[in-house]
Amino acid sequence: MAKPVIPGMKQLRGFERARVAAYLAGCVFFSYGAACFIRADLGTDPLDVFALGLLEHLPLTIGIAQALFAALCIAVWAAWNRRRPVLSPFVTFLFCGSMIDLMRAWDLAGLPLPDPVLMVLGSLLCAYGSSLIIISGIGIRAMDLVAISMTEHWRWPFWAAKFSTELLLLVGGYLLGGPVGIGTVCFLVVVDLLVQPLMRLNGSVLRLRNAGMPSLSVARTAA
């Protein structure tokens, strides 16, 4: 006996497959970009500045410091939106961290490029990877959850919300003694200011529906 066809089920399944594909691709792009950025060795990203600043005062590791900050962001997001805390950002944290370690171990980011070019390339890849992860609505990074909430509650542009949160993180880390370099500024400007335009580009060119921020969605049907 043939199974009944539920209207819209095919489109829904296609949408879910597109979400998973966007998430996995986003993690790969972000991880490779981070590996390139680290290989350039011209500075650390704002989160690392903050984590390394904390290490100047507390007996922690970088991973623990970042995880604690992620937990704080998730707690703020959950209280602000009156929702239960989520664990999916930690999945992304561990997944991308493992891929970055593998890429560095296999020297996959050892491109024959000058360090400044490698730094910019890494920042661009991180921006594009972040845009895909947010569009997927799966495992959105903890800081991005807070930035999305700022956009929804305060009507800020996403780029402004993301830039301001990471700028505060950078300033706080610097005051704690964390290292700041040209790479830090590059990451802050390139990643934070380009994620929102790249989300729109994914919607208009690839026809990807924005599951993480529906207000920015261009595509009305699944890719």
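**Figure 1. The chain is built from helices, one after another.** Starting at the N terminus of this predicted model, the elements follow the order α-α-α-α-α-α-α-α. Counting them up gives 8 helices and 0 strands. The radius of gyration is 18 Å, close to the 17 Å that the globule rule gives for 223 residues, so the chain is as compact as a globular protein of that length. If you follow the C-alpha trace along its principal axes, it spans about 65 × 45 × 30 Å.

**Figure 2. Inside and outside of the chain.** How much of the chain is buried? Of its 223 residues, 45% count as buried. Now look at which parts touch: among contacts with a separation of 6 or more, 70% are between residues 24 or more positions apart. On the outside, the accessible surface comes to about 11,800 Å². Carbon and sulfur atoms make up 69% of that surface. The chain also carries 17 positive and 12 negative charges, and the mean positions of the two groups are 20 Å apart.

**Figure 3. Helix 6, surrounded by its neighbours.** Helix 6 covers residues 142–154, which makes 13 residues. From first C-alpha to last it reaches 18 Å, close to the 18 Å expected at 1.5 Å a residue. Is this helix mostly enclosed or mostly open? Because 10 of its 13 residues are buried, helix 6 is largely enclosed by the rest of the structure. You can pick out the buried ones along the helix: Ala142, Met143, Asp144, Leu145, Val146, Ala147, Ile148, Ser149, Met150 and Thr151. Here is a handy thing to keep in mind as you look. An α-helix has 3.6 residues a turn, so residues three or four places apart point the same way.

**Figure 4. What covers helix 6, and what comes after it.** Which elements lie over the buried residues of helix 6? The cover includes helix 2 (46–55), helix 3 (62–81) and helix 4 (88–105). Helix 5 (115–136) and helix 7 (158–176) are also part of the cover. Just past the end of helix 6, find Arg155, which takes a positive phi of about 65 degrees.

**Figure 5. Leu168, an exposed residue in helix 7.** Zoom in on helix 7 and you will find Leu168 there. Is Leu168 buried or exposed? Its relative accessible area is 65%, and exposed means over 50%, so Leu168 is exposed. To place Leu168 in the wider picture, compare it with Ser136: the two are 32 residues apart in sequence. In space, Leu168 and Ser136 are 27 Å apart, C-alpha to C-alpha.

Notes:
Residues numbered from 1 in each chain as written. Predicted model: local features only at pLDDT ≥ 70, side-chain atom pairs only at ≥ 80, totals over all residues. Heavy atoms only, no water. Helix = DSSP H or I, 4+ residues; strand = E, 2+ residues; numbered from the N terminus. Rg over C-alpha atoms; globule rule 2.2 N^0.38 Å. Buried < 20%, exposed > 50% of the residue type's maximum accessible area, 1.4 Å probe, protein only. Contact = heavy atoms within 4.5 Å. Areas by Shrake-Rupley, 256 points an atom, 1.4 Å probe, with all protein chains shown as cover. Lys, Arg positive; Asp, Glu negative; His and termini not counted. Charge placed at Lys NZ, Arg CZ, Asp CG, Glu CD. Expected span 1.5 Å × (residues − 1).
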